[in-house]
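Ready to find your way around a new protein? Work through the exercises below with the model open beside you, and try each task before reading its solution.

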Amino acid sequence: VTARSLGGKEVAAGLRAAASEALSKCRAAGITVRLAIVVATREESAAWYVRSLGAAAARLGIEGDVSELPPDATAADITAVLDALSADAGIAGIVLQTPLPAGIGAAEIASAIDPAKDVDGANPVSLGRLMAGLPGFAPATARAVLELLDYHSVELDGRRAVVVGRSLVVGKPLAMLLLARNATVTVCHSRTPDLADVTSTADVLVVAAGRPGLITARHVRPGAVVVDVGTNTGADGSLVGDVEAASVAAVAGGLSPVPGGVGPVTTARLLLNTVTAAGAVGVEPG
Ligand code: NAP
């Protein structure tokens with residue numbers, strides 16, 4: 001093994017400490033911080049994530065407010081809930097859990113989330129602001145990858161970054177964040193003909209495909225930094241990433257573990273965003 005482990009637990013602890021400090025200020029100002037989570041799926045992995053986000057929020061002192069809709073909810077049903085939460089002055093942040101019922105596009109529905117409460121950067125307005133380099137909430141997972149790289153002092157300026165995956169929650173916004181940090185960015189997807197040909201050019205390789213074992217040693221340039229965003233259920237029920245950790249750790253310079261890498265940073269970032277959003281609630285635009 002040559003790769004150093006790019007763990008996320010300390011990064012997450014730092015974000016939680018910042019959230020906790022901001023939360024005390026909210027409390028002193030009489031603001032109760034509430035995070036609304038909207039769910040319209042019975043998928044077990046989503047349910048697990050919602051429970052763990054709710055528990056992490058509660059540990060910090062943020063009230064979780066889960067709105068459960070049936071898996072056959074319509075776009076109008078979900079939009080009505082998001083509209084109500086957006087208008088509710090007692091709610092600081094809103095997370096729309098995926099997957100959504102079949103045929104409903106997340107970006108379209110997320111337009112109903114007030115951008116000031118869009119703590120997971122799902123509203124196309126938030127994504128547009130990210131692309132334009134304007135302030136706003138970026139998708140928490142994409143931001144978490146940057147926070148992990150920064151914590152471990154991984155240089156991005158002028159480096160070649162390859163992102164595997166082009167979803168709106170991870171791949172695309174992450175490409176924008178890396179570009180803003182002066183990396184030269186390439187985005188791969190399921191139609192990329194020779195994945196290894198591209199990924200092996202990366203100084204920094206970030207994988208968010210949802211395909212266990214997709215990235216093996218032959219995909220990685222010796223010494224490259226590899227961030228594994230994937231969270232998949234392995235054959236034995238354990239949580240595994242998209243990177244074949246054993247073979248990649250033998251060639252990479254750094255590798256983020258699954259679990260214990262991007263995951264905890266994402267949760268902590270979401271909570272910090274929620275407290276940030278709460279701070280803005282009640283502040284009238286000038
Ligand atoms: P997604 O919406 O399913 O997108 C997956 C992307 O990977 C797509 O762009 C797809 O290409 C691409 N892809 C699939 N198979 C590929 C292949 N064989 N070669 C190259 N590209 C391939 O998934 P997502 O929501 O972005 O999530 C990705 C992974 O990250 C999942 O495992 C998810 O559970 C995990 N995740 C983790 C966190 C965290 O906090 N750790 C947060 C969010 C997501 P096409 O566009 O061509 O289909």
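**Exercise 1. The six-stranded sheet**

Task: Work out in which order the six strands of the open sheet are arranged, and which strands stand at the edges.

Solution. Keep in mind that you're looking at a predicted model.
- Step 1: Go across the sheet strand by strand, and you get the order E1-E11-E8-E7-E5-E6, with parallel pairing.
- Step 2: Look at the two ends. Strand E1 (4–5) and E6 each have a single partner strand, so one side of each has no neighbour in the sheet.
- Step 3: Zoom in on one pair. E5 and E6 are joined in the parallel sense over five bridges, and Val163 stands opposite Val187 in E6.
- Step 4: Now add a helix. H6 packs on this sheet and touches strand E7 (204–207) and strand E8 (225–228). The direction of H6 makes about 145° with that of E8.

**Exercise 2. The three-stranded sheet**

Task: Find the strand order of the open sheet of three strands, then see what lies across E2 and E3.

Solution.
- Step 1: The order here is E3-E2-E4, and the pairing is parallel.
- Step 2: The edges are strand E3 (63–68) and E4, each of which pairs on one side only.
- Step 3: How much are neighbours turned against each other? On average by 20°, direction ignored.
- Step 4: Take the pairs in turn. E2 and E3 run parallel and are joined by six bridges, with Asp65 in E3 as the bridge partner of Ala36. Strand E2 (residues 34–39) also runs parallel to E4, through four bridges, and there Val38 has Leu96 as its bridge partner.
- Step 5: Check the two faces of E4. Gly93 and Val95 are on one side, Ile94 and Leu96 on the other, and all of them are buried, which leaves both faces covered.
- Step 6: Finish with the helix. Helix H2 (residues 44–60) lies across E2 and E3, at about 175° to E2.

**Exercise 3. Two helices side by side**

Task: Describe how helix H5 (residues 124–132) and helix H7 (residues 171–180) pack.

Solution.
- Step 1: For a packed pair of helices, you want the angle between the axes and the distance between them.
- Step 2: In this case the angle is about 25° and the axes are 9 Å apart. That makes H5 roughly parallel to H7, because angles under 35 degrees count that way.
- Step 3: Get the handedness: H5 passes H7 in a left-handed crossing.
- Step 4: List who makes the contact. H5 brings Leu127, Leu130 and Met131, while H7 brings Pro173, Met176 and Leu177.
- Step 5: Sort these by class: six are nonpolar, with no polar and no charged residues.

**Exercise 4. Buried or exposed?**

Task: Decide whether Leu146 and Thr267 are buried or exposed, and name what they touch.

Solution.
- Step 1: Start with Leu146, which lies in helix H6. Its relative accessibility is 4%, so Leu146 counts as buried; the cut-off is under 20%.
- Step 2: Leaving aside residues up to four places away in sequence, Leu146 touches Leu156, Leu174, Leu177, Leu178 and Arg181. Leu177 is also one of the H7 residues in the contact with H5.
- Step 3: Move on to Thr267 in helix H10. At 15% relative accessibility, Thr267 is buried too.
- Step 4: With the same residues left out, Thr267 touches Tyr49, Leu53 and Ala56.

**Exercise 5. Backbone oddities in the loops**

Task: Say where the cis peptide bonds before Pro99 and Pro259 are found, and what is notable about phi at Ser153 and Asn182.

Solution.
- Step 1: The bond from Thr98 to Pro99 is cis, with omega near 0°. Pro99 is in the loop between strand E4 (93–96) and helix H4 (106–109).
- Step 2: Val258 and Pro259 are also joined by a cis peptide bond, with omega about 0°. Look for Pro259 in the loop between strand E11 (254–255) and helix H10 (262–280).
- Step 3: Ser153 isn't a glycine, yet its phi is positive, about 55°. Ser153 sits in the loop between helix H6 (140–151) and strand E5 (160–164) and is exposed, at 63% relative accessible area.
- Step 4: Asn182 isn't a glycine either, and its phi is about 70°. Asn182 lies between H7 and strand E6 (184–188), in a loop, and is partly exposed at 46%.

Definitions and conventions:
Residues numbered from 1 in each chain as written. Predicted model: local features only at pLDDT ≥ 70, side-chain atom pairs only at ≥ 80, totals over all residues. Heavy atoms only, no water. Axes fitted to C-alpha atoms, helices over the stretch in contact; angles between N-to-C directions. Parallel < 35°, antiparallel > 145°, perpendicular 65-115°, else oblique. Left-handed = near helix turned anticlockwise from the far one by under 90°. Contact = heavy atoms within 4.5 Å. Nonpolar A, V, L, I, M, F, W, Y, C, P; charged D, E, K, R; others polar. Buried < 20%, exposed > 50% of the residue type's maximum accessible area, 1.4 Å probe, protein only. Pairing = 2+ DSSP bridges.
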